[in-house]
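Work through the following exercises with the sequence and the structure in view, and try each task before reading its solution.

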Amino acid sequence: MTRPREARDDAAATATLDKAAHENFPVAPFFLPRAWRGDLMAVYGFARLVDDIGDGDLAPGGADARHLGLEPGQSEDRLAALDALEADLHRVFSSTGGGPRHPLMRALRPTVRSCALTPEPFLGLLEANRQDQKVRRYGTYGELLAYCELSANPVGRLVLQITGTASPERIRRSDAVCTALQITEHLQDVAEDLGRDRIYLPAEDMARFHVGETDLAAPSAGAAVRSLVAFEAERARELLAEGVPLVGSVHGRLKLLLAGFVGGGRAALGAISAAGFDVLPGPPGPTAPGLLREVGNVLRRAHRER
C-alpha cells in the first residue's frame, strides 16, 4: 500500500490508512500509477478520518484530537472534532498561514494542489457525518439518497478528478455507483448501525414489509427482514448497473480500478444474497475469488456494451 509520506510516521494516521484493506472495494491497488495511488490514499485518509470521528472509532490515545487542536475535554465531542477537522481542511486550501495540523491533512495538501481539487466534495463528507450525529432514522428512500449525495458520491467525484476523467455523464454514473456502494454497506451493517442507534433502512420500506425496530435487534433475521433486505439489495444492484457503461468509457488501469469498485459492490451484494439476506448475525463479506469473478464479469460486460 502506498501511503502519503506525511502520514507514515504517525501511528494514528497509519491506523486510519490501514483500514483501506478492509473496504468492500480496492482503494489504491498496486496496478495503478504510483502518483495515483498516493493521491487516492491521501483522499481515503481524509474520508476515513471523517467517518472515524463520526462513528467514534478514532485510534486510542487521543492523537487525532491533539493534532486538531482540541482541548482534552473535547476529545469525545464528535461535532467539535468535525468542526476542528473542517478548520484544518480550510488550511489545506489556504495559501497563507502555517498549513494544516493533522498529518493526514498535510498529506492531502499536495494532492489538492496537483489535482486542482475543490473543497466541495470534502465539505460534503463532513456534512454527512454531522448529519449522522443528528439524524438517526430516514423516513423515505429519497431522504436516504440525499444523505448518500453527501456521504458517498463525493468519493467517486474525487476519483474522477484525480484521474483527470471527470465529465457530466461519468459523474452521473459515478454517483449511482457510489450510492449503491453506500446502500450495500448499510445493508451489511444493519446490526452494527442499530447498536449506534442508527437505521438506514427507510421507514416507509420497513412499514411496507412489516418490519419493526425490534425485528432488527434479533440475533437472526425473520422472513420479513430478509424480504426487506432483498428489496433494498435489488435497488443497489440496479444502481450498480450504471457503472458498467462508466467502466466502458475509460481505458487502461483506470478501467480496472472502476471495475473493482463496481465488482466489489456486486460481490458484496452476492455475499448478502448467499447469506439468505440475513445480515443480522454480522456483515456478510465477499470472498477474494468472488470479488475477482465479479470484476471479470464487469469488464466483460463493459466490453460488450461499448
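Contact means here that heavy atoms lie within 4.5 Å. The model is a predicted one.

**Exercise 1. Place Asp57 in the structure, decide how exposed Asp57 is, and list its contacts beyond the nearby sequence.**

Solution. Begin with the location: Asp57 sits in the loop that runs between helix 2 and helix 3 (63-67). Next, take its relative accessible area, which is 32%, so Asp57 is partly exposed, given that this class lies between the 20% limit for buried and the 50% limit for exposed. Then, leaving aside neighbours within four places in sequence, find the partners of Asp57, which are Lys19, Asp52 and Arg196. Finally, consider a pair of C-alpha atoms: those of Asp57 and Thr16 are 9.6 Å apart, while the two residues are 41 residues apart along the chain.

**Exercise 2. Describe how helix 2 packs against helix 4.**

Solution. Start with the geometry: helix 2 (residues 34-55) and helix 4 (residues 78-93) pack at an angle of about 160°, and their axes are 8 Å apart. Because angles over 145 degrees count as roughly antiparallel, helix 2 is roughly antiparallel to helix 4. The crossing of these two helices is left-handed. For the residues that meet, helix 2 brings Phe46, Leu49, Val50, Ile53, Gly54 and Asp55, and helix 4 brings Arg78, Ala81, Leu82, Leu85 and Leu89. Sorted by character, the residues of this contact are eight nonpolar, one polar and two charged.

**Exercise 3. Carry out the description again for helix 2 and helix 5.**

Solution. The angle between helix 2 and helix 5 (residues 103-114) is about 130°, with the axes 9 Å apart. That angle makes helix 2 oblique to helix 5. The crossing of helix 2 and helix 5 is left-handed. On the side of helix 2, the contact is formed by Gly38, Asp39, Ala42, Val43, Gly45, Phe46 and Leu49, which meet Leu104, Met105, Ala107, Leu108, Thr111 and Ser114 in helix 5. These residues divide into eight nonpolar, four polar and one charged.

**Exercise 4. Which residues touch the most other members of the largest nonpolar core, and which helix gives the most to this core?**

Solution. The largest nonpolar core has 83 residues, and those touching the most other members are Phe46, Leu85, Leu108, Phe122 and Leu216. Helix 2 gives the most to this core, with 10 residues. To look at one of these residues in detail, set aside the neighbours of Leu108 within four places in sequence: Leu108 is then in contact with Ala42, Val43, Phe46, Leu89, Val92 and Phe122. As general background, nonpolar side chains tend to be buried together in soluble globular proteins.

**Exercise 5. Is Gln182 buried or exposed, and what does Gln182 touch?**

Solution. First locate Gln182, which belongs to helix 9 (residues 168-188). Its relative accessibility is 11%, and therefore Gln182 counts as buried. With neighbours within four places in sequence left aside, Gln182 is in contact with Tyr147, Cys148, Ser151 and Ala152.

**Exercise 6. Locate Arg301, state its exposure, and find what Arg301 touches.**

Solution. Arg301 lies in helix 16 (residues 288-304). At 25% relative accessibility, Arg301 counts as partly exposed. Not counting residues up to four places away in sequence, Arg301 touches Val244 and Arg266. As a last step, compare positions along the chain and in space: Arg301 and Trp36 are 265 residues apart along the chain, and their C-alpha atoms are separated by 26 Å.

Methods: Residues are numbered from 1 along each chain as its sequence is written. This is a predicted model: local features need pLDDT of at least 70, side-chain atom pairs count only at pLDDT 80 or more; totals for chains, interfaces and linings use all residues. Side-chain values use heavy atoms; hydrogens and water are left out. Axes are lines fitted to C-alpha atoms, for helices over the stretch in contact, and angles run from 0 to 180 degrees between N-to-C directions. Helices (H or I, at least four residues) and strands (E, at least two) are DSSP runs, numbered from the N terminus. Angles under 35 degrees count as roughly parallel, over 145 as roughly antiparallel, 65 to 115 as roughly perpendicular and the rest as oblique. A crossing is left-handed if the near helix is turned anticlockwise from the far one by less than a right angle, and right-handed if clockwise. Ala, Val, Leu, Ile, Met, Phe, Trp, Tyr, Cys and Pro count as nonpolar, Asp, Glu, Lys and Arg as charged, and the others, Gly among them, as polar. A nonpolar core is a set of buried Ala, Val, Leu, Ile, Met, Phe, Trp, Tyr and Cys residues joined through side-chain atoms within 4.5 Å. Buried means under 20% relative accessible area, exposed over 50%, partly exposed in between (1.4 Å probe, protein chains only).
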